[in-house]
Amino acid sequence: MTACAIEPSAESGNDGAPRPGCGITAEGAYAARLARHGDSWYPERWTLDGPEPYAVPLPGNQPEEPGTEVQPMADGRVLVHRVAAGRHLFSLLYPTGPGTGELPLGAVECPPDTTGVRLLPPVPGGERAYALAVGPRATVLWQVAGAAFGPERLAEIPGRCSGGVWLDGAGRMLALDRETGGRVKAVAVDLERDGEVSPLLQIAPDSDDRILLADPDSGLVLVRSDAPSPGRERLGWGVLGSALPVRFPECLHLPDCVVTPFAIQPGQALTPERCAVALRVDGPFGSWVGVWRPAERRVRHLPAPEGWLAGAGLWTPDGELRLPCSTPQLPCGVARLAPGGGGEAASGGVGEAAPGGVGEAAAGGVGEAAAGGSGERLDDGTQDGPGDRRGDRPEGRPEGDKPEERGEGTPPPPRPVPLQQAPLGRRVTK
């Protein structure tokens, strides 16, 4: 079969962000997407952790609908979410010689006023999968794979939830963007405490504050909020467990473009400001790749590799960005980019100016961490010392977060301290 990618730029999630061209397991071993042969759609699994990437088509007894969701699991199977007669059906697909094996997991039936059911991003570990069923006043969290007896209803969360970001490496703490009272605020959901909900990001009373991406190793989080510019959302960053406020670098504000972070470099446990962040940039001239680090004051713009499944990719701990690509000549490929200090890349030609003449954007001034790492002073005059690192909570520890208060021996994953107390005027780089 000759595969071609979905045109993801024409599709958006329920939070307005463009959907990626494929899903990748948290550990980066497998990917899955809905591919097309002629007018027929079928799931396709990619293996990424071998010497060379390769794809395995997993067509069923009949073609899939274009909106079918697929998600790779850690054991190489692919979770499929189909809709039929108002019921949401979940199955695991796997290759069986020349054919496709299918293990039905069961169905989720929702009230008529449910506005949508969608899979959450792959869970760290890849043995479970979750979905959100969004209603007009509440959202139901379902475990749709890895449960003992089919889909299991875990919790009902007041409000309309979107997004979905895993905050820890065990798949326990989930960040969701919850809309209540006309405002969106990010909340944390603890799956080991019956879906207990607690505030996560609340910058200002009248702002919309979303969590877009998080790295469990460093605690780096990417957010989107209109707090610094009412009516216009901006990208910002913070650190889980830090007493410092969220900051909104000017270099991440690109007029007439939609900027979506999609991957953070792992393995940088003590230096979140040096984590590389991959950005999908959608502008008037198409889509391209941006690379940014909190310690830097510019975005490096890189032309997208040919056939990039836009918005999909992963970082290796040593700083290589891997982007899945599909072209008629190479249906399954991975572009390997190594953007260094000078912006060079490992695959031919990538690392030059972005389409349309967009070059590197610079930022300076207040609110962004200065290059130099732990112990350097920040531009806003505060000290970036060991006490501001993930796991060191000098203040703002939520009640019940101490192990002895919770009656447990293991502390919960860290989360940002409440951020609404910090003055907004010192968060935006001028």
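The following exchange explains the terms applied to three residues of this predicted model.

User: What kind of model is this, and how are residues numbered?

Analyst: The model is predicted, so local features need pLDDT of at least 70 and side-chain atom pairs count only at pLDDT 80 or more, while totals for chains, interfaces and linings use all residues. Residues are numbered from 1 along each chain as its sequence is written, and side-chain values use heavy atoms, with hydrogens and water left out.

User: Why is Gln71 called buried?

Analyst: Buried means under 20% relative accessible area, exposed over 50%, and partly exposed in between (1.4 Å probe, protein chains only). Gln71 has a relative accessibility of 5% and therefore counts as buried.

User: What makes the pairing of Gln71 with Leu120 a polar contact?

Analyst: A polar contact is a pair of N or O atoms within 3.5 Å; within protein, one must be able to donate a hydrogen and the other to accept it, and residues adjacent in sequence count only if both atoms are side-chain atoms. A polar atom of the Gln71 side chain lies 2.7 Å from the backbone oxygen of Leu120.

User: Why is Thr47 called buried?

Analyst: Its relative accessible area is 5%, so Thr47 is buried. Thr47 touches residues including Tyr30 and Pro53, where contact means heavy atoms within 4.5 Å.

User: Why does Gln268 count as buried?

Analyst: Gln268 has a relative accessible area of 17%, and therefore is buried. A polar atom of its side chain lies 3.2 Å from the backbone oxygen of Pro317.

Conventions: Lists of a residue's contacts leave out its neighbours within four places in sequence.
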